[in-house]
Amino acid sequence: PETASLFGLLSGIADVLGTPRAELADQMPLAPEVADALRGDDRSPLSRVLRAVEAYEAGDPQAGVRLDNLGPAYLELLRWSNQLIAAV
């Protein structure tokens, strides 16, 4: 879970900065699984998680993701990220 959270955080940072995720991966010393996912490796489980989250956020019913299963985990991560931001 921590690796997925870190990956999500870095993905969001890249989006906010307007930096391609792959470029961010190349600039940081990251675990290979995180770097591969940021580069968009389709074999990466983290890439598949990101696509599922993006489909959930977009409300895309055609994404092949059971959105009802993703909801509770998504809300828990939102709570965690809000707590993290409030602590900074």
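Modeller: Trp80 is placed in helix α5 of this predicted model.

Biologist: Why is Trp80 called partly exposed?

Modeller: Its relative accessible area is 38%. Buried means under 20% and exposed means over 50%, so a value of 38% is classed as partly exposed.

Biologist: What makes the nonpolar surface patch?

Modeller: The residues are Leu6, Leu9, Ile13, Leu17, Leu77, Trp80 and Leu84, and together they form a patch of about 610 Å². A patch residue needs over 30% relative accessible area, and the 38% of Trp80 passes that cut-off, so Trp80 meets this condition.

Biologist: Which helices each supply at least two residues of the nonpolar patch?

Modeller: These are α1 (2–17) and α5 (67–87). The largest share, 4 residues, comes from α1.

Biologist: What is the secondary structure around that patch made of, for the protein as a whole?

Modeller: The protein has 5 helices and 0 strands, and from the N terminus its elements run α-α-α-α-α. The accessible surface is about 6100 Å², with 59% of it belonging to carbon and sulfur atoms. Of the 88 residues, 22% count as buried.

Biologist: How do you know that the length of α4 fits a helix?

Modeller: At 1.5 Å a residue, its 14 residues should span 20 Å. The end C-alpha atoms of α4 are 20 Å apart, so the two values agree.

Biologist: Which residues of α4 are buried?

Modeller: They are Leu46, Ser47, Leu50, Ala52 and Ala55. After α4 comes Gly59, with a positive phi near 65 degrees.

Biologist: Why is Ser44 called buried?

Modeller: Ser44 has a relative accessible area of 7%. The cut-off for buried is under 20%, and 7% meets it, so the term applies. Ser44 lies in the loop between α3 (32–38) and α4 (45–58). Leaving aside residues up to four places away in sequence, Ser44 touches Glu33 and Ala37.

Biologist: What makes the approach of Ser44 to Leu46 a polar contact?

Modeller: At the start of α4, a side-chain oxygen of Ser44 reaches to within 3.2 Å of the backbone nitrogen of Leu46. The limit for a pair of N or O atoms is within 3.5 Å, so the distance condition is met.

Biologist: Why is the pair of Arg21 and Asp15 called a salt bridge?

Modeller: The N to O distance between their side chains is 2.9 Å. The cut-off is within 4 Å, so the pair of Arg21 and Asp15 qualifies. Asp15 itself is partly exposed, at 47% relative accessibility.

Biologist: What does the salt bridge between Arg21 and Glu54 tie together?

Modeller: Their side chains meet at 3.2 Å, N to O. Arg21 lies in helix α2 (residues 21–27) and Glu54 in helix α4, so the pair ties together parts that are 33 residues apart in sequence. Glu54 is partly exposed, with a relative accessible area of 33%. Asp15, Arg21 and Glu54 are linked in a network of salt bridges.

Biologist: How do you know that Asp36 and Arg39 form a salt bridge?

Modeller: The closest N and O atoms of Asp36 and Arg39 are 3.7 Å apart. That is within 4 Å, so this pair also counts. Asp36 has 31% relative accessibility and Arg39 has 42%. Both values fall between the 20% and 50% limits, so Asp36 and Arg39 are partly exposed.

Biologist: How many salt bridges does a search of the whole structure find?

Modeller: The search finds 6.

Note on methods
Residues numbered from 1 in each chain as written. Predicted model: local features only at pLDDT ≥ 70, side-chain atom pairs only at ≥ 80, totals over all residues. Heavy atoms only, no water. Patch = residues over 30% accessible without salt bridge, like charges linked within 9 Å, V, L, I, M, F, W, Y side chains within 5 Å. Areas by Shrake-Rupley, 256 points an atom, 1.4 Å probe, with all protein chains shown as cover. Buried < 20%, exposed > 50% of the residue type's maximum accessible area, 1.4 Å probe, protein only. Contact = heavy atoms within 4.5 Å. Expected span 1.5 Å × (residues − 1). Polar contact = N/O pair within 3.5 Å; in protein donor to acceptor, adjacent residues only side chain to side chain.
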